[in-house]
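Biologist: Please take a close look at a single part of this model, and connect that part to what surrounds it. I am in my first year, so explain each term once.

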Amino acid sequence: MGRVKVFDETEVVEKALALFRRQGYEATSIRDLTAELGISSSSLYATFGDKHTLYLQTLAYHREQELEQVKEWLATGEPAMVTLQHFFDDLITTHASGNDGSGSFTLSAAVEL
């Protein structure tokens, strides 16, 4: 019988997202991931596949979070111009941020991959 997972997959994906944002895909090694995520390489491979598959999962997770934010803005009932202003303010702020990993993960992924 296989071992029981002792980690939360969403938490691990969030940590991987933070690491990929800071270092980028190419500069992040499996060793970096296992150290940051607090899981063994065998657990990483068994749960997420390889580094590339985990990266794609972090990108999908990030896109889901962005979509949820847009849905929240749309659900407020504010006029469309106000909602668009929130969207573009967030977009500009995110893209204008420095190299501290807080810029657009989606844009970084598009460039890097």
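**A close look at helix H1**

Modeller: Read from the N terminus on, the elements of the protein run α-α-α-α-α-α. That is six helices and zero strands. Helices (H or I, at least four residues) and strands (E, at least two) are DSSP runs, numbered from the N terminus. The model is predicted, so local features need pLDDT of at least 70 and side-chain atom pairs count only at pLDDT 80 or more, while totals for chains, interfaces and linings use all residues. Residues are numbered from 1 along each chain as its sequence is written, and side-chain values use heavy atoms, with hydrogens and water left out.

Some terms for the whole protein come next. A residue is buried under 20% relative accessible area, exposed over 50%, and partly exposed in between (1.4 Å probe, protein chains only). Buried residues make up 27% of the 113 residues. Two residues are in contact when heavy atoms lie within 4.5 Å. Of the contacts between residues at least 6 apart in sequence, 58% join residues at least 24 apart.

Now to helix H1, residues 9-23. The expected span of a helix is 1.5 Å times one less than its number of residues. For the 15 residues of H1 this gives 21 Å, and the end C-alpha atoms are 21 Å apart, which agrees. At the start of H1, a side-chain oxygen of Asp8 comes to within 2.9 Å of the backbone nitrogen of Thr10. Just after H1, Gly24 has a positive phi of about 85 degrees.

The buried residues of H1 are Val12, Val13, Ala16, Leu17, Leu19 and Phe20. They pack against H2, H3, H4 and helix H6 (105-112).

This leads to the largest nonpolar core. Such a core is a set of buried Ala, Val, Leu, Ile, Met, Phe, Trp, Tyr and Cys residues joined through side-chain atoms within 4.5 Å. The largest one has 19 residues, and those touching the most other members are Phe20, Leu33, Leu37, Ile39, Phe48 and Leu54. H1, H2, H3, H4 and H6 each supply at least two residues of this core. The largest share, six residues, comes from H1.

Phe20 also takes part in ring pairs. A pair of aromatic rings is described by the distance of the centres and the angle of the planes. Rings of Phe, Tyr and Trp (its six-membered ring) pair if their centres lie within 6.5 Å; planes under 30 degrees apart count as stacked, over 60 as edge-to-face and the rest as tilted. The whole structure contains five aromatic pairs. In one of them, Phe20 and Tyr55 meet edge-to-face, with 4.8 Å centre to centre and 90 degrees between the planes. Phe20 belongs to helix H1 and Tyr55 to helix H4, so this pair ties together parts that are 35 residues apart in sequence. Both Phe20 and Tyr55 are buried. Ring pairs also bring in Tyr25, linking Phe20, Tyr25 and Tyr55 into a cluster.

One of the neighbours of H1 is helix H3 (residues 41-48), whose buried residues are Leu44, Thr47 and Phe48. They cover an arc of only 80 degrees around the axis, which puts them on the same side of H3. The arc is that of the directions from the helix axis to the C-beta atoms. What covers these buried residues includes H1, helix H2 (30-37) and helix H4 (51-75). Phe48 shows the link to H1: leaving aside neighbours within four places in sequence, its contacts include Val12 and Val13, along with Phe7, Glu9, Ile39 and Leu54. After H3 comes Gly49, with a positive phi near 85 degrees.

Ser41, also in H3, has 35% relative accessibility and therefore counts as partly exposed. Not counting residues up to four places away in sequence, Ser41 touches Ile30 and Thr34. Ser41 and Arg31 are 10 residues apart in sequence, and their C-alpha atoms are 7.8 Å apart in space.

Key:
Polar contact = N/O pair within 3.5 Å; in protein donor to acceptor, adjacent residues only side chain to side chain.
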